[in-house]
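Reader: I've got this one open on my screen and I'd like a close look at how one part of it packs. Pick a good spot, walk me through it slowly, and tell me how that part ties in with its surroundings.

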Amino acid sequence: RRQRVDQVSIRPMRESFITTPLVGSASQVASVDSKATLSSVRLISDQASGKSAPWLLLEGQRRYGNITMRYGQILSYHPQNQRLHRLLNLSSSAGQPPQWQTSSTGSDQLVINQTVGLRPSFLLYQLVPNDPPQLKEVSLYSSVYNSDLGTSLYDKALKLAQGAVWFHSLQMMESAKAAIGPDWSAGAQAHHDIIQHHAHQTKAQPEQPWSSQQQHILAYLIDGQWDQALKALEDQPAIYDATLKRLERDFDSLWRGVTTHLQVHPNDVSPQIWGAMLVASRQSPEAGEAWLKKKTSSKPTLERLQALGKPDGADTLPAPQVAAAPLADTAGRYF
């Protein structure tokens, strides 16, 4: 026997919210303010912890170019008071439903995939078992420790994650976990989990077969594997010009990653060279060399940059003294 226990109004969602994951990507759409209806409803369970919690997922889909956006709302139902509670609006550019997982601390987490292209993007929510329950987003811009706890590794890991340098961020976060020991908190573990979620995807991409070496290099760069990317370019100098064009196309996200890495590890050679390459892609090789000279006085590093794209045995000429216009990082600082 069916019985109506509660009802809520089903509000359409704004298209400007649905397309938010596409902002800054090649698939970005023009600003819109129309509304999109929710066309289906289904029960979802917290399969990660084995609970059959009464969650409702209201969904709809819209296509933008070659991307199908999956959007919706999550509601919870309380059998005790027979009430429905709207908890979260969501949008997935990967066209995937939200997924439950359980952290190593035993807490329930909800993952929403907002990946576009090769660059992964996930939102992570922790389930707060209040009455009604809440889904609290895990922010990489909020530290869970006071600065007097000696958490420099943890802070650096967060900084790298903010620049989407996932490979090094996860390495440093795992070192921080070992160093902090018993003071490692559930909040810090949540940061570890969301970084790990990104890093696992970026790490797998360079291992896939690619139709061009430029795409393979880009996959390394997205993961922050600067050394491997540079070696791949040095092994095939003929693709230098094509690589410069690809760097210019993906400039903003790659510049953010390189400059963030250099804020944490200012003496790392490979990201220094990639920073110079990025400047060259937007301005000129001479401007790239001038930028690199501001970062390091190492002659071998400069010669390594100059050798890129030159045939074996070609002479490396001294860099002309050309002033380069400064480039700003994502926080407005100049390098």
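Author: One term before we start: two residues are in contact when they have heavy atoms within 4.5 Å of each other. Keep in mind, too, that this is a predicted model. Now for the overall view. Among contacts in the protein chain with a separation of 6 or more, 52% link residues 24 or more positions apart. The chain has 335 residues, and 44% of them count as buried. DSSP-style bookkeeping gives 11 helices and 10 strands.

The spot I'd pick is Tyr154. The largest nonpolar core has 58 residues, and Tyr154, Trp274 and Met277 are the ones touching the most other members. Helix α9, residues 269–282, is the top contributor to this core, with seven residues. There's also a second, separate core of 13 residues, with Ile18, Leu58, Leu75 and Val116 among them. As background, nonpolar side chains in soluble globular proteins tend to be buried together.

So what does Tyr154 touch, once residues up to four places away in sequence are set aside? On one stretch of the chain there are Ser142, Ser143, Val144 and Tyr145. Further along come Met173, Ala176, Ile180 and Trp184, and then Ala188 and His191.

Those last two lead to a helix pair. Helix α2 covers residues 152–162 and helix α4 covers residues 186–204; they pack at an angle of about 35°, with axes 11 Å apart. Their crossing is left-handed. From α2, the contact uses Tyr154, Ala157, Leu158 and Ala161, while α4 supplies Ala188, His191 and Ile195. Sorted by class, that comes to six nonpolar residues, one polar and no charged ones.

Follow α4 and you get to a sheet. It's an open, four-stranded one, ordered β7-β8-β9-β10 with antiparallel pairing. β7 (99–102) and β10 are the edge strands with a single partner each, so one side of each has no neighbour in the sheet. On average, and ignoring direction, neighbouring strands are turned by 35° against each other. α4 packs on this sheet and touches β7, β8 and β9, with its direction at about 150° to that of β9.

Inside the sheet, β8 (residues 108–113) and β9 run antiparallel and are joined by five bridges. Strand β9 (residues 122–128) also pairs with β10 (residues 134–137), again in the antiparallel sense, over four bridges. A hairpin of five residues connects β9 to β10. Tyr125 is a handy landmark here: Leu110 stands opposite Tyr125 in β9, and Tyr125 stands opposite Glu137 in β10.

Back to Trp274, one of the core residues with the most partners. Setting aside neighbours within four places in sequence, Leu221 is in contact with Trp274, along with Trp226, Ala229, Leu247 and Leu254. Leu221 belongs to helix α5, residues 213–222. Is Leu221 buried or exposed? The cut-off for buried is under 20% relative accessible area, and Leu221 has 5% relative accessibility, so it counts as buried. If you want a ruler check, Leu221 and Pro206 are 15 residues apart in sequence and 9.3 Å apart in space, C-alpha to C-alpha.

Definitions and conventions: Residues are numbered from 1 along each chain as its sequence is written. This is a predicted model: local features need pLDDT of at least 70, side-chain atom pairs count only at pLDDT 80 or more; totals for chains, interfaces and linings use all residues. Side-chain values use heavy atoms; hydrogens and water are left out. A nonpolar core is a set of buried Ala, Val, Leu, Ile, Met, Phe, Trp, Tyr and Cys residues joined through side-chain atoms within 4.5 Å. Buried means under 20% relative accessible area, exposed over 50%, partly exposed in between (1.4 Å probe, protein chains only). Helices (H or I, at least four residues) and strands (E, at least two) are DSSP runs, numbered from the N terminus. Axes are lines fitted to C-alpha atoms, for helices over the stretch in contact, and angles run from 0 to 180 degrees between N-to-C directions. A crossing is left-handed if the near helix is turned anticlockwise from the far one by less than a right angle, and right-handed if clockwise. Ala, Val, Leu, Ile, Met, Phe, Trp, Tyr, Cys and Pro count as nonpolar, Asp, Glu, Lys and Arg as charged, and the others, Gly among them, as polar. Two strands pair if DSSP finds at least two bridges between them.
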